[in-house]
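Me: I'm new to this one and would love a friendly tour. Could you show me the structure before we start?

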Amino acid sequence: MLGRTRSEVEVAVSWLLVAALVAVSVVGLRSGADATTTFAFLSALLAAAPALLTRERRATLPWSVVGLAVVAAVGQRFTPFGVVSTYLWVVAVTLILIVDLEAFTEVEMSPRFSAAFVATTTMAVGAVWTVLRWVSDAYFGTSYLGGVDPVMWELVGATAVGVVVGVVFEYGFHEAVDEGVERRLGGGERR
């Protein structure tokens, strides 16, 4: 059933993007493990989980979902937009989890619930990440944020990104994800 209608090109692109995530994590390990290394490795593991668990190499996620994780990982590693990339990574991991759940379990989410789930998860993870860095600054002498004002702006940023992503997911990205999942399943019934 898997992949009868899904092109080999889509499968190959998905695996190349997973390999790119692994490469970003390896580069991170060579320069000292950090959050980006962990994010990239976790993203690669979650993206490859369906194929690893089903032992079916075509059981990959739509390339657009994995590609979003690659953009976030590369953005964190190689650009000065680390904060934005962190939120983008949260969005990518949330999307990966949603597609994994919809494609490989009995869970079915309506488009609006999926959008709300993406938005609230992005806000929640962004808030937890900000608080953890603030605690590190306050108790361990690090200088991730540098005060209370940046904490507030980080929380505002996490909320704004969550809302924007939820709206984008509801009105555009959800259909692309659904098409990718349907192609992967060959139009068959979801598990």
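Reply: Happy to; this is a predicted model, and a few questions and answers follow.

Me: Which helix gives the largest share of the largest nonpolar core?

Reply: That core has 32 residues. Six helices, numbered 1 to 6, each supply at least two residues of it. The largest share, nine residues, comes from helix 4.

Me: Leaving aside its neighbours within four places in sequence, what is Val118 in contact with?

Reply: Val118 is among the residues with the most contacts inside the core, along with Leu21, Val66, Leu95 and Ile96. Helix 5 covers 111-140, so to speak its home stretch. Beyond its close sequence neighbours, Val118 is in contact with Val91, Thr94, Leu95, Ile98, Val165 and Phe169.

Me: Where does helix 2 bend?

Reply: Helix 2 has 20 residues and spans 29 Å between its first and last C-alpha, close to the expected 28 Å. A proline, Pro50, follows the bend within four residues. The bend is about 45°, and it sits at Ala48.

Me: What is the phi of Arg55, the residue that follows helix 2?

Reply: Helix 2 runs over 35-54, and Arg55 comes next. The phi of Arg55 is positive, near 55°.

Me: Which residues are closest to the centre of the largest pocket?

Reply: This pocket holds about 280 Å³ of space. Helix 2, helix 4 and helix 5 each supply at least two residues of its lining. Of the 14 lining residues, the closest to the centre are Ala35, Thr86, Trp129, Arg133 and Tyr144.

Note on methods
Residues numbered from 1 in each chain as written. Predicted model: local features only at pLDDT ≥ 70, side-chain atom pairs only at ≥ 80, totals over all residues. Heavy atoms only, no water. Core = buried A, V, L, I, M, F, W, Y, C linked by side-chain atoms within 4.5 Å. Buried < 20%, exposed > 50% of the residue type's maximum accessible area, 1.4 Å probe, protein only. Contact = heavy atoms within 4.5 Å. Expected span 1.5 Å × (residues − 1). Bend = angle between axes of the 7 residues up to and from the residue. 1 Å grid on protein atoms, 1.4 Å probe; cavity = no way out; pocket = protein on both sides within 12 Å on 5 of 7 lines; lining within 4 Å. Points joined across faces, edges and corners; volume = space filled by probe spheres on them.
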